[in-house]
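Me: I have a model open and would like to learn how to read its features one at a time. Where should we start?

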Amino acid sequence: MSFSKRVGGLFLLACMVAAGAPTVRAESLASLKESALPAPPAKAAIQELHQVDGRLVAFAKEEAWVLSSASGSWSRIALPAGLDGGSARWLSAAKDRLYVLHQEDEAGAAARIASVSLAGERLSMRPLPAWPTALRDVALAEGDGQLYATGIDASGETHVYRTAVPGGQGTWQALPAWPGAGNASTLVAQRGDLYASVAGEGAESLWRWSKDSGWVAMPAVPGRIVPGSARALGQAHVLYLLSGGGDAAGSGGHGRLMTFHTITKAWAGLSSLEGNPAPPLAAWGDGLAWWSHDDGVPGVRTVQLQAGKHLLTWLDWLVIVVYLAAMIGIGLYFYLGEKRNSTANFFVGGRSIPFWAAGVSLYATNTSSISFIAIPAKAFETNWQYLTNNLIAVMGLVFVAIWIVPLLRRLNLMSVFSYLETRFHPAIRMLASALCIAMQIGSRMSIILFLPALAIATITGLDVVWSILIMGVFTIIYTTLGGMKAVIWTDFVQVFVMFGGAIFAIGFIVYGINGGIPEFVQVAMAEEKTKLFDFSFDLTKATVWGFIFLVVFDVVLTFPKDQVLMQRVLSTKSDKEAGRSIWTFAAIMIPGGFFFYAIGTALYVYYQSHPERMNPLLPIDATFPLFIAAELPMGVTGLIIAGIFAAAMSTLSSIINSVSTLASVDFYEKLAKNPTPKKSVLFAEIMGVLVGLAGIAIALLLSRYDIHSLFDVSIELAGLLGGGFAGAYTLGMFTRRANSQGVAIGIGSSIVLTLLIWSMGLVHPYFYLAISILLCIVIGYAASWLFPPPTRSLKGLTIHRQDAVA
């Protein structure tokens, strides 16, 4: 057993707390709704059904009909010019994606393929490169920009090909076929992997292909899959139609729908259908459509998956209201007790915050809704490899506490970017401050608001707008009322709310598993769900080397530029207290990280035992909120949702306070005529409201997009926007030759080149920030030699001994 497995297993055994076993629930969370559509007025029998560009298309011999989504009636459409309708075979590769094969012999073999789109009242074709060999019994799948094709050649050998889409102009790449004989009855792409069901003499087998492990056998299919009935559903499920009578045609009995969860590799049954679906079938909405002759009346029938909402009870709402009222109360307390004409009081708490409170606030600020929702989802989907970042980051914080923090704390700053003005030039300060504001609002605040709001709204039925408004508006109120003191002390309370909910959730989940703790540990170890370290040198993965690279640049070199974190350090009483706040932060980071990753592992084991309790229509990021809403008793649900709110609001309040500080200190006080402390505080309060409203607006905009992992998105945006001015700090603190002209060139070049690397997808998003910082350092330092060296005194501005303040 590897060291990382032992560490994970020992910790999980130690952290399990008795929470009382929940009632095991076997009923499915998803229900089915069947309905009927009118039959197309075709002269011949309908031979195929497909969905093209969101519309249902029916094919008869030499003609095609499209269903109007507005009127519900069918209209005849023209086939592509030059297409022989008798020899054409239409195949779906994914929802909305249709292709046509040109069959070339009596056995139905084809080498030519074209993509099909619906333009007005006509179907149009775009030819793709031909396969290296003609294939029959072809199945297609499309996902993540790849088109897959499988079939049998004239000698009976199975082939698997792949090409990039939508371009499709490259050659087809041959992939290995699955072990054993047999052709695929269905082919589906989901989460970057390929799934092929293969019928045999015994149970029908299911195979998964991935670029890392090749073909791997999945749990056997619990029945016979109707050919062509499979489709990807949501972000991690595949929907299959199984025949009712044990044969592929579905004769005898009623067909039944089942889902296969690609993460837990578990099958879950849905209720049986009233009819007996058989080909031709098509993906339609969140289900299937098929041509039916029930009761001798031809028509199109559909079935859709539906999932109910888990409404919050009065006790849940009471817990949430008490929590929100407490946050407002803390803000009001400091508003009534503090003078509003002191910038030091409002921005840095009068520099009177105890180190332990500042350290806890540092952790709360760093632990957002991304930690409470996206990290359990990431651990549920993969393993604990991302936790390596926390372990290595602690070593980086040691350096920060010893070298960086004392240097900046001695300068008595309110805005960390004041350092860049003293070291370089006011324009560098304002440029870096503007980039920081854009990053905090665009890549952090909006996502931290949107993530819990979307998850909670999806599960509980609480509208996403109201979820965002509750968190956003309440945070704006107590932050602008109480300033930095309110932010830090609400953070302190919120950490306990977060940890209380997380610890209870772990115990509750584990005791809901069949077999309890032993089963939990056994499955987690067998599936390598607690794997920590990946020492490979693959730049497209999250490896140990990538985390070391990231921590050097993201913690050691970028901590000074992070106004949100540094503002807490600057609020302490002395240099020694500032360093202790970092030690406190480091001491909480590792156990806190284990808690959130353990939740994801516990969810994996639970849903592997109870796959029917998953909602196939929800994104992966909603896994933990689903468990909270569907499995926990009332009151406890409200407590943990309050914990999610706390995780989000602690970071939101910090961002609002820090961005308003930057806007006031770096812009208002530099540009306004005769600024006073009272006016500066008033401007910061107004900016706090505007910043909060901007974050709310962007969060609502994000709800319009289907994002696979907001954890990854937040890393990408931080890397693309945050590297340039972090490099400026490195040049200022660690070199004596860097000057304002070279630093400006370095910042601009790093942003442009990092965007270019991002557009080409060359490395894992975890590397973006480090690459951006490295580019700024190298280019900025080299460019500095093109201009005269700095003439101002560097006393107290670098880590070099000769520049130190006595």
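Reply: We can start with empty space inside the protein. This is a predicted model, and its second largest cavity has a volume of about 100 Å³.

Me: How is such a space found, and how many cavities of 30 Å³ or more does the structure hold?

Reply: Rolling a probe the size of a water molecule over the atoms shows where empty space is left. Here the structure holds seven cavities of 30 Å³ or more.

Me: Which residues lie nearest the centre of the second largest cavity?

Reply: Met-614, Leu-618, Pro-619, Ile-620 and Thr-623 do, out of 13 residues that line this cavity. Sorted by class, its lining has eight nonpolar and five polar residues, and no charged ones.

Me: Next, charged pairs. What is the idea, and how many salt bridges does the structure hold?

Reply: Side chains of opposite charge can pair when their charged atoms come close. The structure holds twelve salt bridges. One of them joins Arg-97 to Glu-142, with 3.0 Å between the closest N and O atoms. Arg-97 belongs to strand 7 (residues 97-103) and Glu-142 to strand 10 (residues 136-143), so this pair ties together parts that are 45 residues apart in sequence.

Me: Are Arg-97 and Glu-142 buried or partly exposed?

Reply: The cut-off needed is that buried means under 20% relative accessible area, exposed means over 50%, and partly exposed lies in between. Arg-97 has 31% relative accessibility, so Arg-97 counts as partly exposed. Glu-142, at 14%, counts as buried.

Me: Which residues are joined into one network by salt bridges that share partners?

Reply: Take the pairs before the network. Lys-670 and Glu-421 meet through their side chains in a salt bridge of 2.7 Å, N to O. Lys-670 is in helix 15 (residues 636-671) and Glu-421 is in helix 7 (residues 418-423), so the pair ties together parts that are 249 residues apart in sequence. The network formed by shared partners consists of Glu-421, Arg-429, Asp-666 and Lys-670. Within this network, Arg-429 also forms a salt bridge with Glu-421, and their closest N and O atoms are 2.4 Å apart. Arg-429 is buried at 6% relative accessibility, and Glu-421 is buried at 17%. Lys-670, at 38%, is partly exposed.

Me: How do I read a helix, and which residues of helix 10 are buried?

Reply: An α-helix has 3.6 residues a turn, so residues three or four places apart point the same way. In helix 10 (residues 516-526), the buried residues are Gly-516, Ile-517, Phe-520, Val-521, Val-523, Ala-524 and Met-525. Just after helix 10 comes Glu-528, with a positive phi of about 55°.

Me: What about the surface: which residues make the nonpolar patch?

Reply: For a patch, look for nonpolar side chains that are accessible and lie within 5 Å of one another. The residues here are Phe-535, Phe-537, Trp-545, Ile-548 and Val-552, which make a nonpolar surface patch of about 530 Å². Val-552 sits in helix 11 (residues 544-556) and is partly exposed, with a relative accessible area of 38%.

Me: Finally, loops. Where is Ala-130?

Reply: For a loop residue, look at the elements on either side and at what it approaches in space. Ala-130 is in the loop between strand 9 (122-128) and strand 10. Ala-130 is partly exposed at 45% relative accessible area. Its C-alpha atom is separated by 8.3 Å from that of Thr-171, although these two residues are 41 residues apart along the chain.

Notes: Residues numbered from 1 in each chain as written. Predicted model: local features only at pLDDT ≥ 70, side-chain atom pairs only at ≥ 80, totals over all residues. Heavy atoms only, no water. Patch = residues over 30% accessible without salt bridge, like charges linked within 9 Å, V, L, I, M, F, W, Y side chains within 5 Å. Areas by Shrake-Rupley, 256 points an atom, 1.4 Å probe, with all protein chains shown as cover. Salt bridge = Lys/Arg side-chain N within 4 Å of Asp/Glu carboxyl O. Helix = DSSP H or I, 4+ residues; strand = E, 2+ residues; numbered from the N terminus. Buried < 20%, exposed > 50% of the residue type's maximum accessible area, 1.4 Å probe, protein only. 1 Å grid on protein atoms, 1.4 Å probe; cavity = no way out; pocket = protein on both sides within 12 Å on 5 of 7 lines; lining within 4 Å. Points joined across faces, edges and corners; volume = space filled by probe spheres on them. Nonpolar A, V, L, I, M, F, W, Y, C, P; charged D, E, K, R; others polar.
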